[in-house]
2 protein chains.
Amino acid sequence: MQTSSRGIALVGFDADDTLWRSQDFFDEAQQRFEQIIAQYVDLDDAGNRLYEVESRNIAFFGYGVKGMALSMIEAAVEITGASIRAADIGRIVSLAKELLQHPVELLPGVRAAVEAVAAHHPVVLITKGDLFHQEAKVRESGLADLFRRIEIVSEKDPATYARLFEEFGIEAARFLMVGNSLRSDIAPVLQLGGWGVHVPYHTTWAHEADAQLPDAQARMRSIASLAELPQALQALEAAASQA
Amino acid sequence: MQTSSRGIALVGFDADDTLWRSQDFFDEAQQRFEQIIAQYVDLDDAGNRLYEVESRNIAFFGYGVKGMALSMIEAAVEITGASIRAADIGRIVSLAKELLQHPVELLPGVRAAVEAVAAHHPVVLITKGDLFHQEAKVRESGLADLFRRIEIVSEKDPATYARLFEEFGIEAARFLMVGNSLRSDIAPVLQLGGWGVHVPYHTTWAHEADAQLPDAQARMRSIASLAELPQALQALEAAASQA
């Protein structure tokens, strides 16, 4: 990796809801889950009940479509008092397969923004979730060639970023992360002394919305879309060079 | 990584059924699946029916417990003509959770064998399957510290090994892989010009049993247990040094 003595030496990009749409499709799947459940019970909190099951199952299943589908099935059995029919369980399995096969839809301006950054900095992709599904999306995105490394991790916490910095041979203070999740992309990197550009997505899974930012606002910017990334990067780059 | 000019410079270990028991627990889960199904239909080929569903679903789910559980649920709905009760579907989800939480049971002599190899060669762990579950097993095994790198991959084919050799900065001819699967651990490494030590396990998933070995028997050895590994490695090392 590049090692000039100051400034940003490596830029990391999150993938889901940063480079391509993802949460929308999960939200749609959840709506269809609620429609299936509504045949059995009249609930206005089926979504919350599902989230409870998903939250307690993260320790077993981790993130991703397959774990979501198993949690949906568990929640469906629980919520309906085990009255759900097998054919409707089969529909939940089909939801998972559709989600896993959904075409990758890049967000507007993504390729141009990544190319603009990659022209001046090595870039890596750091994404969380199911190895098999994430690899398929990276392949299908057509962006794989732009990234020096593709890292698929099970959790985006300070320990994971610290391990990656060691593998990359880079100090945290020379690393900038771009992503939609304050919890997974921004907070842990700031905490380690790195830099962040937050690009909020219009919908966020409850789990990712739960974030505590360290007192390091000078080392981050928020932008409305990746089209603003080169400018934000330049501003933080100037700050990093003086750091 | 180490780069003396000849001989084996890096040794890779498979994990499931090479370092610790795995297929036994999958076999047990499958027996319990068949017992659940037997309440509904009188079949002597429920196992084959499940394998058919698993095989066609690998393209969607990849390997691992969560994909297996979703395939079991799909197969259960199919085999029972959608007559299976929700409570029994719930039992299949529980099977998956039990499998994911099963304590890691190292195979006999594993720690001593890996330590003996690691005393003379850098060693890496290369395992296939679910990122989240494999990471948990590596942590729990107590062996993580022995390995220079832990690589969890979605498929063990020549393309994957070629990418890893590039990341490791090593030629195939300097790499030796130790594992129980001819298909995943031995054949692709031999095909690329590397070396292999096959340690058969007493039970093999049908998918892994399906292997075609290249004509490279001089570059592999079969041993009955990892206790014989140092000797097999020495024999291949001698051959590699003359290659």
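In this predicted model, 28 residues of chain A are in contact with 28 residues of chain B, where contact asks that the C-beta atoms of two residues, placed from the backbone, lie within 7 Å. Four helices of chain A each bring at least two residues to the side that touches chain B: helix 2 (46-61), helix 3 (65-79), helix 4 (86-101) and helix 6 (131-141). Helices here are DSSP runs of H or I with at least four residues, strands are runs of E with at least two, and both are numbered from the N terminus. Helix 4 of chain A gives the most to this side, with 9 residues. By character, the residues of chain A that touch chain B divide into 17 nonpolar, 7 polar and 4 charged. In that count Ala, Val, Leu, Ile, Met, Phe, Trp, Tyr, Cys and Pro are nonpolar, Asp, Glu, Lys and Arg are charged, and the others, Gly among them, are polar.

A word on conventions may help as you follow along. Residues are numbered from 1 along each chain as its sequence is written, and chains are lettered from A and ligands numbered from 1 in the order in which they are written. As this is a predicted model, local features need pLDDT of at least 70 and side-chain atom pairs count only at pLDDT 80 or more, while totals for chains, interfaces and linings use all residues.

How do the two chains relate to each other? A turn of 180° with a shift of 0.0 Å along the axis lays chain A on chain B with an RMSD of 0.0 Å. The two copies are thus related as by a two-fold rotation axis. The superposition is by least squares on the C-alpha atoms of residues with pLDDT of at least 70 in both copies. The same surface serves both copies, for 100% of the contact residues of chain A recur in chain B.

Now let us turn to the sheet of chain A. Its 6 strands form an open sheet in the order 3-2-1-4-5-6, with parallel pairing; two strands count as paired if DSSP finds at least two bridges between them. Strand 3 (149-153) and strand 6 (220-222) of chain A stand at the edges with a single partner strand each, so one side of each is left without a neighbour in the sheet. From one strand to the next, the twist averages 20°. Such angles run from 0 to 180 degrees between N-to-C directions, using axes that are lines fitted to C-alpha atoms, for helices over the stretch in contact.

Within this sheet, strand 4 (residues 175-179) and strand 5 (residues 195-198) of chain A pair in the parallel sense over 4 bridges. A:Leu176 stands opposite A:Trp195, and A:Val178 stands opposite A:Val197. Helix 10 (residues 229-242) of chain A packs on the sheet, where it touches strand 4, strand 5 and strand 6 of chain A, and its direction makes about 160° with that of strand 5. Strand 5 of chain A is covered on both faces: A:Trp195 and A:Val197 on one side, and A:Gly196 and A:His198 on the other, are all buried. A residue is buried if 20 or more other C-beta atoms lie within 10 Å of its own, exposed if 12 or fewer do, and partly exposed in between, with C-beta atoms placed from the backbone.

Chain B offers a view of strand 1 (residues 10-13), which is also covered on both faces, with B:Leu10 and B:Gly12 buried on one side and B:Val11 and B:Phe13 buried on the other. Strand 1 of chain B runs parallel to strand 4 of chain B, and 4 bridges join them; here B:Val11 stands opposite B:Leu176. Strand 1 of chain B also pairs in the parallel sense with strand 2 (residues 123-128) over 3 bridges, and B:Gly12 stands opposite B:Val124.

Farther along, B:Ile150 lies in strand 3 of chain B. Is B:Ile150 buried or partly exposed? With 16 other C-beta atoms within 10 Å, B:Ile150 is partly exposed. Leaving aside neighbours within four places in sequence, B:Ile150 is in contact with B:Leu125, B:Val138 and B:Ala144. The C-alpha atoms of B:Ile150 and B:Ile126 are separated by 6.2 Å, although these residues are 24 residues apart along the chain.

Finally, look at helix 3 (residues 65-79) of chain B. Of its 15 residues, 14 are buried, so helix 3 of chain B is largely enclosed by the rest of the structure. Its expected span, 1.5 Å times one less than its number of residues, is 21 Å, and its end C-alpha atoms are 20 Å apart, which agrees. Just after helix 3 of chain B, B:Gly81 takes a positive phi of about 60°.
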